Amino acid sequence: MINTIIVGPRGKMGRLITHIAADSEVLNLVAGVGPRGRDYIGQDLGQVTLLGRELGVLVVDDLAEVIDKCDVIIDFSTKEMGLEVLRLAKEHTKALVCGTTGFSSDEMELFREAGETIPMLYAANTSKLVNVMNKLLQLATSAIGEETDIEIIEMHDRWKKDAPSGTAKEMGELIAHELGAELSDLAVYGREGTGERKPGTIGYHSVRMGDTPSSHTVFFGGFGERLEISHHSTDWRGFAKGACDCAIFLAKQSPGYYSVSDVLKL
């Protein structure tokens, strides 16, 4: 069994990851870690995540207290907690799956550097279908990227904190690298005013409304035709299942910086 800690178990993803891990024949939950000051600290992880049964493990507010019990950490919390989890994972040489978004480019470099000492997997999106979509984007970009106008539209609920989404940024980075450039040199965020579209750019448009599920569409616009590649989620279970699959994969790896593509062998 792979001893596992869930960071952020009360969140949307954390709850579902806990439910799936609790029924896994491979993952063994040893603790949950929540933010300091929350009223559920000290309660059973099953109760906190509304699983419907107790798991016999507690939610604590200090990862350092429980980190030596685990083989792998799954973190879908906040940017601030995520950096502290990364620090402790490196200090205690524990495998880390991080799906938290909103990090700066300098902060993302810290995750890449962590791969020198621990098995590290960062994924803005752990959905199998999204990662298949990413492969399709690379194929489309290599074939028609230089002759089309590329636009990305992403939709999320009103509570989404970062824009564009981490998934949309990851898609843009894949496209930019396929074009031999960096996303920071090509990205245009929204438009206003006058003037023609600058060739070679990647346009971003973020929609935030109500309880809209996660949705990403990439357009490759030509003349007289366009190609659209889309992913729409109806719930988050596919993402949670993907996160657990990542943890199972990562627990068997030597230090390195991994992606969901490595897990799926894409």
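Two helices count as roughly parallel when the angle between them is under 35 degrees. Keep that cut-off in mind, as we'll want it once we reach a pair of helices in this structure. One thing to know before we set off: what you're looking at is a predicted model.

Let's start with the sheet that has seven strands. It's an open sheet, and reading across it the order is E3-E2-E1-E4-E5-E6-E12, with parallel pairing. At the edges stand strand E3 (59-60) and strand E12 (256-258); each has a single partner strand, so one side of each is left without a neighbour in the sheet. For a look at one pairing, take strand E5 (residues 95-98) and strand E6 (residues 119-122), which run parallel and are joined by three bridges. Leu-96, for instance, has Met-120 in E6 as its bridge partner.

Now for the helices that pack on this sheet. Helix H1 (residues 12-22) touches strand E1 (2-7), strand E2 (27-33) and strand E4 (72-75), and its direction makes about 150 degrees with that of E2. Helix H9 (residues 237-250) also packs on the sheet, where it touches E1, E2, E4, E5, E6 and E12. The direction of H9 makes about 160 degrees with that of E5.

H1 and H9 pack against each other too. Two packed helices are described by the angle between their axes and the distance between the axes. Here the angle is about 60 degrees and the axes are 9 Å apart. That makes H1 oblique to H9. The crossing of H1 past H9 is right-handed. On the H1 side, the contact is made by Met-13, Leu-16, Ile-17, Ile-20 and Ala-21. H9 brings Arg-237, Phe-239, Ala-240, Lys-241, Ala-243 and Cys-244 to meet them.

Next comes another sheet. This one is open as well, with five strands in the order E8-E9-E7-E10-E11, and its pairing is mixed. Its edge strands are strand E8 (187-189) and strand E11 (226-232), each of which pairs on one side only. From one strand to the next, the twist averages 20 degrees. Within this sheet, E7 and E9 pair in the parallel sense over seven bridges, and His-156 stands opposite Arg-208 in E9.

This sheet has helices lying against it as well. H6 lies across E10 and E11, running at about 165 degrees to E11. H7 packs on the sheet by touching E7, E9 and E10, and its direction makes about 170 degrees with that of E9.

H7 is worth a closer look. Helix H7 (residues 166-178) has 13 residues, which at 1.5 Å a residue should span 18 Å; the end C-alpha atoms are 18 Å apart, so the two agree. After the helix comes Gly-180, with a positive phi near 80 degrees.

Which residues of H7 are buried? They are Gly-166, Thr-167, Ala-168, Glu-170, Met-171, Gly-172, Ile-175 and Ala-176. A general point helps when reading that list: an α-helix has 3.6 residues a turn, so residues three or four places apart point the same way. The cover over the buried residues of H7 includes helix H6 (128-144), strand E7 (149-156), helix H8 (183-186), strand E9 (202-208) and strand E10 (215-221).

Two residues of H7 give a feel for the helix. Thr-167 is buried, because its relative accessible area is 6%, under the 20% cut-off. Leaving aside residues up to four places away in sequence, Thr-167 touches Ala-124, Asn-125, Val-130 and His-216. Leu-174 has a relative accessible area of 24%, so it is partly exposed. Not counting residues up to four places away in sequence, Leu-174 touches Asn-134 and Gln-138. Compare that with Ile-5: Leu-174 and Ile-5 are 169 residues apart in sequence, and their C-alpha atoms are 30 Å apart in space.

That brings us back to the opening cut-off. The axes of H6 and H7 come within 9 Å and cross at roughly 30 degrees, and H6 and H7 are therefore roughly parallel to each other. Their crossing is right-handed. From H6, the residues that meet H7 are Val-130, Met-133, Asn-134, Leu-137, Gln-138, Thr-141 and Ser-142. They meet Thr-167, Glu-170, Met-171, Leu-174, Ile-175 and Glu-178 in H7.

Definitions and conventions:
Residues numbered from 1 in each chain as written. Predicted model: local features only at pLDDT ≥ 70, side-chain atom pairs only at ≥ 80, totals over all residues. Heavy atoms only, no water. Pairing = 2+ DSSP bridges. Helix = DSSP H or I, 4+ residues; strand = E, 2+ residues; numbered from the N terminus. Contact = heavy atoms within 4.5 Å. Axes fitted to C-alpha atoms, helices over the stretch in contact; angles between N-to-C directions. Expected span 1.5 Å × (residues − 1). Buried < 20%, exposed > 50% of the residue type's maximum accessible area, 1.4 Å probe, protein only. Parallel < 35°, antiparallel > 145°, perpendicular 65-115°, else oblique. Left-handed = near helix turned anticlockwise from the far one by under 90°.
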